[in-house]
Amino acid sequence: MGMSVTISAADATQDAESILKLQYLCYQREAEIYQDWSIEPLTQSLDALRAELGEGRAFVARLGDEIVASVRGRLDEDGTVRIAKLIVHPRMQRHGIGGRLLDAIESHYAAEPAPAAKRFQLFTGHRSEGNLRLYRSKGYAQVATHEVGPKLTLVTLEKAA
């Protein structure tokens, strides 16, 4: 490859469009698994994404100038950091980038002053084996399931901060 991947905070103004394009690309696989192309990551508008980025913290992984991965999180009043939309470009998967992004967002919130993060929580679909494998390898355990429809059950996982 020649270049190394760097992790940094996302800029809501400059990075939003690239993150949205990457999100659309990455969630095609999820849509295929569940036969549902109406999932929120595929229908989210650029304005909605910018608003979401403004509500919490996002990190990106760059290969040179290209954003090849991203993750978002926000801290709730109860001390739960809700991690969402961990995406890695298909050609960059299985190289540890997703794990590095999880580490980055967890480290950010663990270092924040009060209100302190008490737990990290995320969710994925029940048939998203790669996601489940990554989250479990990072110490997350299943705490709930929620049937969204006949084709999809969301699995909620969490770990202590």
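Seven strands make up an open sheet with mixed pairing, and their order across it is β1-β2-β3-β4-β5-β7-β6. The strands at the edges are β1 (5-9) and β6 (141-149), each of which pairs on one side only. Neighbouring strands of this sheet are turned against each other by 25° on average, direction ignored. Please keep in mind as you look around that this is a predicted model.

At the β6 end of the sheet, β6 and β7 run antiparallel and are joined by seven bridges. If you would like a spot to zoom in on, His146 stands opposite Leu154 in β7.

**Pockets**

Let's turn to the open spaces. The largest pocket has a volume of about 1400 Å³. Among the 46 residues that line this pocket, Glu30, Leu86, Thr124, Asn131 and Tyr135 are the closest to its centre. Helices and strands both take part: α1 (12-34), α2 (40-43), β4 (80-88), α4 (97-111), β5 (119-125), α5 (129-137) and β7 (152-160) each give two or more residues to the lining. Which element gives the largest share of the lining of the largest pocket? That is α1, with eight residues. By class, this lining has 22 nonpolar, 14 polar and 10 charged residues.

The second largest pocket has a volume of about 160 Å³. Its lining includes Glu52, Glu55, Arg57, Arg72, Arg74 and Arg82, along with Leu53 and Ala84. At least two lining residues come from each of α3 (46-55), β2 (57-63), β3 (66-75) and β4. Sorted by class, the lining of the second largest pocket divides into three nonpolar, two polar and six charged residues.

**Salt bridges**

Side chains of opposite charge can pair when their charged atoms come close. In this model the count comes to 10 salt bridges. Here are three of them, with the distance between the closest N and O atoms for the first two and the N to O distance for the third.

| Salt bridge | Distance |
|---|---|
| Asp15 and Arg62 | 2.8 Å |
| Glu17 and Lys21 | 3.5 Å |
| Arg82 and Asp76 | 2.4 Å |

What does the salt bridge between Asp15 and Arg62 tie together? Asp15 lies in helix α1 and Arg62 in strand β2, so this pair links parts that are 47 residues apart in sequence. Asp15 has a relative accessibility of 5%, and it counts as buried because that value is under the 20% cut-off.

The pair of Glu17 and Lys21 stays within one element: both residues lie in helix α1, four residues apart, about one turn of the helix. Are these two side chains buried or exposed? Glu17 is partly exposed, with a relative accessible area of 43%. Lys21, at 56%, is over the 50% cut-off and therefore counts as exposed.

In the third pair, Arg82 is partly exposed, with a relative accessible area of 28%, whereas Asp76 is buried, with a relative accessible area of 11%. Elsewhere, salt bridges that share partners join Glu40, Glu52, Arg72 and Lys85 into one network. Two members of this network, Glu52 and Arg72, are also found in the lining of the second largest pocket. Arg82, the partner of Asp76, lines that pocket as well.

Definitions and conventions
Residues numbered from 1 in each chain as written. Predicted model: local features only at pLDDT ≥ 70, side-chain atom pairs only at ≥ 80, totals over all residues. Heavy atoms only, no water. 1 Å grid on protein atoms, 1.4 Å probe; cavity = no way out; pocket = protein on both sides within 12 Å on 5 of 7 lines; lining within 4 Å. Points joined across faces, edges and corners; volume = space filled by probe spheres on them. Nonpolar A, V, L, I, M, F, W, Y, C, P; charged D, E, K, R; others polar. Salt bridge = Lys/Arg side-chain N within 4 Å of Asp/Glu carboxyl O. Buried < 20%, exposed > 50% of the residue type's maximum accessible area, 1.4 Å probe, protein only. Pairing = 2+ DSSP bridges. Axes fitted to C-alpha atoms, helices over the stretch in contact; angles between N-to-C directions.
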